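Grab the model and work through these exercises one at a time. Each has a task, then a solution in steps.

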Amino acid sequence: MRRRQIRAIFFDIDGTLRDFDTKRVPDSTKEALRKAKEAGILLFVATGRHKLEIEEENLLEDMEFDGYVTLNGQYCYCGSTVVYDVPIDGAGVAAMLRLIGKDPFPCLFMEADRMYINMVDEVVKKAQEGIGTRIPPVMDVSRAAGQPIYQIVPYIGRNREEEIRRAVPGCEIIRWHDEYAVDVIPRGGSKCIGITRMAAHFGLSLEETAAVGDGANDVSMVEMAGLGIAMGNGKDAVKAVADYITDSIETDGLSRAVFYILENNHQEE
C-alpha cells in the first residue's frame, strides 16, 4: 500500500531532539530539520515539558517550530494562538492538594504560564538534573485550587504510584522518570489528542504526519501517526509500535530519521 506524503513531523524533546547526556541538540539534528523545512515539511514539538522550560531555558537552542504540543497534549499552541487546551478537573487538583497536605511529598503544579512546587528534596534535585532543567520556584501551591492546572508532577517512586492513582481516578498517570517522577494529566489525555487537534488546525490528516519519540509517553503518538519512528535509544515499548527504528541520538539517529522521511516522500512522488 502506498504511504501518503509526510507533510508534518512531531518530535519529542528529551532523548529525541535533545541529548540526555550532553543536554544539547546535536548539530546533525539542526541540519536535518533545516532540510525538512526546505522540503516544505511542517515541524512540531510534542512534549511533556512546559513552555516556560522550553523558552526560558532555551531547550531547543533557538530552533523554530510551527507549533507546540506541550504538557503531554494538554496545552497546544502556535505563536500566540492556543489551538487546544484541557486542564485537570477541579476535583483532581483538590485531591492532590489534600494528599500532599496530609503526607507531604514534592509536587509540581503547571498552569498555562506558570509552574511552581511545594517543596524540594534530593529526589527533585536528581530528577531535574537528569533532564538538565533548573528547579521550579517553591511557593504556596494552594493557589492551584483556583487556577486551571494542566499537569501535575508528583516526585515519587513506584512504591507510591498506586496511591496517586487511587487519589485521582479521573486522571492518567504517566511515568517519565524510572525512579523519581510521574505526570498527572486528565484521563483520556495524551500527546495523540494534541497532535490530532494540531494536525486539524493545519488542515492535515493523520496519515500525513510522522512522529518521532523515545519514551513511554511517546508510544501512543508513534503508533497513531502515519509514520511512527522510534529512536534507537528509546524504550522497547516505543520500538514495538514503530514503523521504523532509527539509530540512537548519540549516533545521529534523529538526523537519520528525518532523512528517512525525506527519502520516503521522494519515492512516493
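**Exercise 1. Trace the open sheet and say which strands stand at its edges.**

Start with the strand order: eight strands form an open sheet, E5-E4-E3-E2-E1-E11-E12-E13, with mixed pairing. Strands here are DSSP runs of at least two residues, helices (H or I) runs of at least four, both numbered from the N terminus; two strands pair if DSSP finds at least two bridges between them. Now the edges: E5 (81-85) and E13 (244-245) each have a single partner strand, so one side of each lacks a neighbour in the sheet. Next, look at what packs on the sheet: helix H6 (residues 191-201) touches E1, E2, E3 (67-70), E4 (75-78), E5 and E11 (209-213). Its direction makes about 140° with that of E5 (axes are lines fitted to C-alpha atoms, for helices over the stretch in contact, with angles from 0 to 180 degrees between N-to-C directions).

Before going on, a word on the source: this is a predicted model, where local features need pLDDT of at least 70, side-chain atom pairs count only at pLDDT 80 or more, and totals for chains, interfaces and linings use all residues. Residues are numbered from 1 along each chain as its sequence is written, and side-chain values use heavy atoms, leaving out hydrogens and water.

**Exercise 2. Find the place of Asp-12 and decide whether it is buried or exposed.**

Asp-12 is in the loop between strand E1 (8-11) and helix H1 (27-38). Its relative accessibility is 5%, so it counts as buried (buried is under 20%, exposed over 50%, partly exposed in between; 1.4 Å probe, protein chains only). Leaving out neighbours within four places in sequence, its contacts (heavy atoms within 4.5 Å) include Lys-191, Asp-214 and Asp-218.

**Exercise 3. Which side chains make polar contacts with that of Arg-49?**

First, locate Arg-49: the loop between strand E2 (42-46) and helix H2 (51-56). Arg-49 is buried, at 4% relative accessible area. Its side chain makes a polar contact with that of Asp-14 at 2.9 Å, and another joins it to the Thr-133 side chain at 2.3 Å. (A polar contact is a pair of N or O atoms within 3.5 Å; within protein, one must be able to donate a hydrogen and the other to accept it, and residues adjacent in sequence count only if both atoms are side-chain atoms.) Finally, check Thr-70: 21 residues from Arg-49 in sequence, with 5.8 Å between their C-alpha atoms.
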